[in-house]
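Here is a short set of exercises to work through with the coordinates open beside you. Try each task on your own before reading its solution.

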Amino acid sequence: MLYIKASNNSPKIVIDFSQILFEISGDTFLDEPLTFYQPVFQYIYSNFYQVKDSIYQRGNPSLTLHFYLRYIGLQDIEMIRQIDWIFFDIQEFTTFIYWYYNPENHESFEQANDVKNTFLNHVRLIPNSVDV
């Protein structure tokens, strides 16, 4: 399991492939997003096989990524786009992305649509003005 606690400028990250859990939540506007996300990339590469072996899998292995992001900087979105690419390249299972956004915030709405139009995996936009 990978757990990174949120800070003033970084999101909380929880990944536990054996439990089919992948969540990034909070605000993110990092000075050096590549440094912050490097452990995430390493964890994905080292542990994604646990999705196939999870007791929660039935039939074709799949994983749903949950993103609850209020504010996200441009460099940060590129790191998350790389996560999308990584999972798209892993042919052993299907990846779904749930992107939670605030429908009352124009920037959040535009980012959500950009994600839906540019990410490679299946994206479902979920309007959620309370938690995002």
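**Exercise 1: A salt-bridge network**

Asp114 has a relative accessible area of 33%, so Asp114 counts as partly exposed. Keep in mind that this is a predicted model.

Task: Find which side chain meets Asp114 in a salt bridge, and follow the network from there.

Solution.
- Step 1. Look for the partner of Asp114: the side chain of Arg81 meets Asp114 in a salt bridge, at 3.5 Å from N to O. This pair links distant parts of the chain, with Asp114 in helix H4 and Arg81 in helix H3, 33 residues apart.
- Step 2. Turn to the other salt bridge of Arg81, in which the side chains of Arg81 and Glu78 meet at 3.2 Å, N to O. Glu78 and Arg81 are 3 residues apart in helix H3, so about one helical turn separates them.
- Step 3. Put the pieces together: salt bridges link Glu78, Arg81 and Asp114 in a network.
- Step 4. Check the accessibilities. Arg81 has a relative accessible area of 10%, which is under the 20% cut-off, so Arg81 is buried. Glu78, at 34%, is partly exposed.

**Exercise 2: Counting the salt bridges**

Task: State how many salt bridges the structure holds, then describe the one formed by Glu23.

Solution.
- Step 1. The total is 3 salt bridges.
- Step 2. Glu23 forms a salt bridge with Lys12, and their closest N and O atoms are 3.8 Å apart. Glu23 belongs to strand E3 and Lys12 to strand E2 (residues 12–16), so to speak distant parts of the chain, 11 residues apart.
- Step 3. For Lys12 the relative accessible area is 27%, and Lys12 is therefore partly exposed.

**Exercise 3: Helix H3 and a buried acid**

Task: Compare the span of helix H3 with the expected one, then examine the surroundings of Asp76.

Solution.
- Step 1. Helix H3 covers residues 74–89, 16 residues in total. From its first C-alpha to its last, helix H3 reaches 23 Å, close to the 22 Å expected at 1.5 Å a residue.
- Step 2. List the buried residues of H3: Asp76, Ile77, Met79, Ile80, Arg81, Ile83, Asp84, Ile86 and Phe87.
- Step 3. Ask what covers these buried residues. The cover includes strand E3 (21–28), helix H1 (33–47), strand E4 (62–72), strand E5 (94–101) and helix H4 (106–118).
- Step 4. Now focus on Asp76. Asp76 is buried yet has no salt bridge, and the nearest side chain of opposite charge, that of Arg81, is 12 Å away.
- Step 5. Look for a polar partner instead: the side chains of Asp76 and Thr28 make a polar contact at 2.8 Å.
- Step 6. Widen the view. With neighbours within four places in sequence left aside, Asp76 is in contact with Thr28, Phe29, Leu30, Pro33 and Tyr37.

**Exercise 4: Leu34 beside helix H3**

Task: Decide whether Leu34 is buried, partly exposed or exposed, and find what Leu34 touches.

Solution.
- Step 1. Leu34 is placed in helix H1.
- Step 2. Its relative accessible area is 47%, so Leu34 is partly exposed.
- Step 3. Not counting residues up to four places away in sequence, Leu34 touches Phe41 and Met79.
- Step 4. Check a backbone distance as well: the C-alpha atoms of Leu34 and Glu78 are separated by 9.4 Å, with their positions 44 residues apart along the chain.

**Exercise 5: Ring pairs between two strands**

Task: Classify the ring pairs Phe67 with Trp99 and Tyr68 with Tyr100.

Solution.
- Step 1. Begin with the count, which comes to 11 aromatic pairs.
- Step 2. In the pair of Phe67 and Trp99, the ring centres are 5.2 Å apart and the planes lie at 35°, so the pair is tilted. Phe67 is in strand E4 and Trp99 in strand E5, 32 residues apart. Both residues, Phe67 and Trp99, are buried.
- Step 3. In the pair of Tyr68 and Tyr100, the centres are 4.1 Å apart and the planes at 15°, so this pair is stacked. Tyr68 lies in strand E4 and Tyr100 in strand E5, so the pair ties together parts 32 residues apart in sequence.
- Step 4. Tyr100 counts as buried, because its relative accessibility is 10%.
- Step 5. Finally, trace the cluster that ring pairs form: Phe17, Phe22, Tyr43, Phe48, Phe67, Phe87, Phe93, Trp99 and Phe119.

Terms used:
Residues numbered from 1 in each chain as written. Predicted model: local features only at pLDDT ≥ 70, side-chain atom pairs only at ≥ 80, totals over all residues. Heavy atoms only, no water. Helix = DSSP H or I, 4+ residues; strand = E, 2+ residues; numbered from the N terminus. Expected span 1.5 Å × (residues − 1). Buried < 20%, exposed > 50% of the residue type's maximum accessible area, 1.4 Å probe, protein only. Contact = heavy atoms within 4.5 Å. Lys, Arg positive; Asp, Glu negative; His and termini not counted. Salt bridge = Lys/Arg side-chain N within 4 Å of Asp/Glu carboxyl O. Polar contact = N/O pair within 3.5 Å; in protein donor to acceptor, adjacent residues only side chain to side chain. Phe/Tyr/Trp six-rings, centres within 6.5 Å; stacked < 30°, edge-to-face > 60°.
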